[in-house]
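Biologist: I'd like to learn how to read helix packing and a few other features in a model like this. Can you walk me through it?

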Amino acid sequence: MTNDARLPQVQHYIAGAVTDGSSGRTAPVYDPALGIVTKEVPLADLDELNTAVAAAKAAFTGWRDTSIAKRQQILFRFRELVNERKGELAAILTSEHGKVLSDAMGEIARGLEVVEFATGFPQLMKGDYSENVSTGVDVYSTKQPLGVVGVISPFNFPAMVPMWFFPIAIAVGNTVVLKPSEKDPSSSVWLAELFTEAGLPAGVLNVLHGDKVAVDGLLEHPDIRSISFVGSTPIARYIYETAAKNGKRVQALGGAKNHMLVLPDADLDLVADSAINAGFGSAGERCMAISVVVAVEPVADALIEKITERMSKLTIGDGRRSCDMGPLVTEQHRDKVASYIDIAAADGATVVVDGRGIEVDGAAEGFWLGPTLLDRVPLDSRAYTEEIFGPVLSVVRVASYEDGVTLINNGAFGNGTAIFTNDGGAARRFQNEIEVGMIGINVPIPVPVAYYSFGGFKDSIFGDTKAYGEQGVHFFTREKAITSRWLDPSHGGINLGFPQN
Ligand code: NAD
């Protein structure tokens, strides 16, 4: 798309200053509730990528050697500034992503949690010390930052997902090049500017907008030490393989298809509320959304009745007004999500509630799709096997707890899951038997708090390190083990044998 001078241009943020794009390539940024292009985002070329990486590299030594106390103070100040001005950030999120303002505030709160966790980094950076492992010999370890690290984030949490990574990466002494989603790019720049205001030196956090060109540049750049990626499974797999081939440390979190197993003894009102919240919150554009309700018979009919009744009361519209659910992020994504309703129907599922063509509180051109409920979705339908990533909730009926667990474990993804039951023994068995990384027991969206770590199993993650928590600190540091002796050198002597204690 050519550069349209009438539209505001989103800028890169490099070396502590906003910078115009110079590649000549841009992408449109939409207001999804209005269905119009409101801005253009530059798509970086390799020269701009090299400039951003060079800025981060130039800042690294100074930042690494900045005292722990000073780094902590900057993080605390950043936390305060975001908290004071989070209303501005929520407005940006809603205008580019479409999620309702209250949900945008929730996203910011969960991102701030990681900033708060990161302020405690000195405790997690402490090494070990063993005195006198051999006579006069001490061994100790120290954790050090990697250098310049790359972060590539998806459209669905434009503030929170970057905040899963950059606060910890920066706290422990790295410098960062962040490549946000080109669909909703402005919040990353807002956060970087605020971090500078909090005292972060220029070049420690750089935001470079772009598409595959910028991503491939990061994956191949010799000065990028690690890649943290969140996005869809095919891209996550590609990122993992390419970054690893280029010798980088990599964590690549992918897509999801999260099941909620409902046992017959569950509280069905709680289940129905939870299915609605987890299925349709943020228009289903959450990697921890519930997309399949697995009903152990005979509960399915009663549960569908309760869910349907609640769906009829949901308000859909412009997220700036007090609606329950906003639009989808782009027209293209809305059409793709809607196509799964056609696929399910053609494959024999029952469309209990059809969100296509709904009336909304908003502009006719907005990217709308109403909450949709499908029943008896065949397990070989693409509507069941693939991630839909929209407000489409499927019901699958099974005869027993065991059938439900087998169904979930046979799925390609393993991000999140939930069991609803009043049987503690069944819940305990479930947490042991289920092959999923994050589990809710009577909790529908079990996103771990910041001092645990976030990540799934199977096609939902590539790499062995999850996001944030202690695993985040581990990912962004490397350990040195030091063996030292402070004796008179005359105590030495020649010995070609392997060192023993
Ligand atoms: P996406 O994979 O399309 O894009 C993610 C990032 O990769 C973006 O920055 C994008 O610019 C870049 N990208 C896209 N295509 C690329 C290509 N061919 N080569 C290189 N880079 C490319 O994902 P999305 O649509 O922005 O986000 C939604 C997806 O993210 C869903 O699948 C969702 O489940 C997943 N997600 C997962 C988690 C998790 O923690 N597991 C969290 C949030 C979102």
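Modeller: Sure. Keep in mind that this is a predicted model. Two packed helices are described by the angle between their axes and by the distance between those axes. Take α2 (residues 68–84) and α7 (residues 186–197): they pack at an angle of about 130°, and their axes are 9 Å apart.

Biologist: What do you call the arrangement of α2 and α7?

Modeller: Angles from 65 to 115 degrees count as roughly perpendicular and those over 145 as roughly antiparallel, so α2 and α7 are oblique to each other. Their crossing is right-handed. On the α2 side the contact involves F78, L81 and V82, and α7 brings L194, F195 and E197. Sorted by class, that contact of α2 with α7 has 5 nonpolar residues, no polar ones and 1 charged.

Biologist: Let's try another pair. At what angle do α10 and α11 pack?

Modeller: About 50°, with the axes of α10 (residues 268–280) and α11 (residues 300–311) 9 Å apart. That angle makes α10 oblique to α11. The crossing of α10 over α11 is right-handed.

Biologist: Which residues of α10 and α11 meet?

Modeller: From α10 you have L268, D269, V271, A272, A275 and I276, and they meet A302, L303, K306, I307, R310 and M311 of α11. By class, this contact of α10 with α11 splits into 9 nonpolar, no polar and 3 charged residues.

Biologist: Now the backbone. Where is there a cis peptide bond?

Modeller: Look at the bond joining E297 and P298, where omega is about 20°. P298 sits in the loop between β13 (290–296) and α11.

Biologist: And which residue other than glycine has a positive phi?

Modeller: N132 does, with phi near 60°. You'll find N132 in strand β5 (residues 129–134).

Biologist: On to the ligand. Why does it lie between domain 1 and domain 2?

Modeller: Check who supplies the shell. Domain 1 (12–254 + 460–482) and domain 2 (258–441) both give residues to it, so the ligand lies between them.

Biologist: How many residues are around the ligand, and which come nearest?

Modeller: There are 27, and P154, G231, S232, G255 and C287 come nearest.

Biologist: How does the shell around the ligand divide by class?

Modeller: It has 12 nonpolar, 10 polar and 5 charged residues. Set that beside the helix contacts, where α2 with α7 has no polar residues and α10 with α11 has no polar residues either.

Technical notes. Residues are numbered from 1 along each chain as its sequence is written. This is a predicted model: local features need pLDDT of at least 70, side-chain atom pairs count only at pLDDT 80 or more; totals for chains, interfaces and linings use all residues. A residue is near a molecule or strand if its C-beta atom, placed from the backbone, lies within 6 Å of it. Ala, Val, Leu, Ile, Met, Phe, Trp, Tyr, Cys and Pro count as nonpolar, Asp, Glu, Lys and Arg as charged, and the others, Gly among them, as polar. Domain bounds come from an automatic or database domain assignment. Axes are lines fitted to C-alpha atoms, for helices over the stretch in contact, and angles run from 0 to 180 degrees between N-to-C directions. Helices (H or I, at least four residues) and strands (E, at least two) are DSSP runs, numbered from the N terminus. Angles under 35 degrees count as roughly parallel, over 145 as roughly antiparallel, 65 to 115 as roughly perpendicular and the rest as oblique. A crossing is left-handed if the near helix is turned anticlockwise from the far one by less than a right angle, and right-handed if clockwise. Two residues are in contact if their C-beta atoms, placed from the backbone, lie within 7 Å.
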